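User: I'm new to reading protein models, and I'd like a close look at one part of this one. Could you walk me through the strands and the helix that comes after them?

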Amino acid sequence: MKLDNNTYIRKAAGSYWIVRTGDAILEYQNPIILNETGAKMYELLEKGYSKEDVANHMVKEYDISYEEALNDTESFVNMLVNSGLRK
């Protein structure tokens with residue numbers, strides 16, 4: 001999944017922030033703050049990894065079940081969709 005080209009992730013004040021640039025900043029939206037896991041998921045999705053690939057990475061990284069990882073990944077993608085960061 002490729003995300004919006006005008007959207008970036010930055011680390012500040014101990015958190016990861018999704019930042020918009022270009023025309024995307026003209027419409028105010030509440031900032032999206034991520035923890036380290038969310039930032040990793042975002043980076044993988046931005047690189048074009050599928051939800052299943054991201055879930056497999058989370059299984060290896062955090063020693064959780066595939067079902068839990070896939071559910072978390074799908075919830076994360078839904079949050080991106082609801083926030084207008086993914087169509």
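Analyst: Let's begin with confidence, since this is a predicted model. Among the elements of the protein, strand S1 has the lowest mean pLDDT, 82, while helix H2 (residues 51-62) has the highest, 96. For the protein as a whole the mean pLDDT is 84, and 84% of the residues reach 70 or more.

Next, the order of the parts. There are 3 helices and 3 strands, and along the sequence they follow the pattern β-β-β-α-α-α. Your part of interest spans the strands and helix H1 (residues 36-46).

Start with S1 (residues 7-12) and S2, which run antiparallel and are joined by 6 bridges. The two form a hairpin with 2 residues between the strands, and there Ala-13 takes a positive phi near 55°. On its other pairing, S2 is joined by 3 bridges to S3 (residues 32-34), again antiparallel.

Trp-17 is a handy residue for finding your way across these strands. Arg-10 stands opposite Trp-17 of S2, and Trp-17 also stands opposite Ile-33 in S3.

Now look at the two faces of S2 (residues 15-20). In a regular strand, side chains alternate between the two faces of the sheet. You can follow this in S2: Tyr-16, Ile-18 and Arg-20 lie on the covered face, whereas Ser-15, Trp-17 and Val-19 lie on the uncovered one.

From the strands we move on to H1. At its N-terminal end, Asn-35 acts as a cap, with a side-chain oxygen 3.1 Å from the backbone nitrogen of Thr-37. After H1 comes Gly-48, which has a positive phi near 100°.

Inside H1, the buried residues are Gly-38, Ala-39, Met-41, Tyr-42, Leu-44 and Leu-45. Why might such positions be spaced this way along a helix? An α-helix has 3.6 residues a turn, so residues three or four places apart point the same way. As for their partners, the buried residues of H1 pack against S1, S2, S3, H2 and helix H3 (66-82). That list takes in the strands we have just followed, S1, S2 and S3, along with helices H2 and H3.

Finally, step back to the whole protein. Of its 87 residues, 31% count as buried. Among contacts with a separation of 6 or more, 44% come from residues 24 or more positions apart. The accessible surface comes to about 5700 Å², and carbon and sulfur atoms account for 47% of that surface.

Definitions and conventions:
Residues are numbered from 1 along each chain as its sequence is written. This is a predicted model: local features need pLDDT of at least 70, side-chain atom pairs count only at pLDDT 80 or more; totals for chains, interfaces and linings use all residues. Side-chain values use heavy atoms; hydrogens and water are left out. Buried means under 20% relative accessible area, exposed over 50%, partly exposed in between (1.4 Å probe, protein chains only). Helices (H or I, at least four residues) and strands (E, at least two) are DSSP runs, numbered from the N terminus. Two strands pair if DSSP finds at least two bridges between them. pLDDT is the predictor's confidence in each residue, from 0 to 100. Contact means heavy atoms within 4.5 Å. Accessible areas come from the Shrake-Rupley method with a 1.4 Å probe; for residues, only the protein chains shown count as cover. A polar contact is a pair of N or O atoms within 3.5 Å; within protein, one must be able to donate a hydrogen and the other to accept it, and residues adjacent in sequence count only if both atoms are side-chain atoms.
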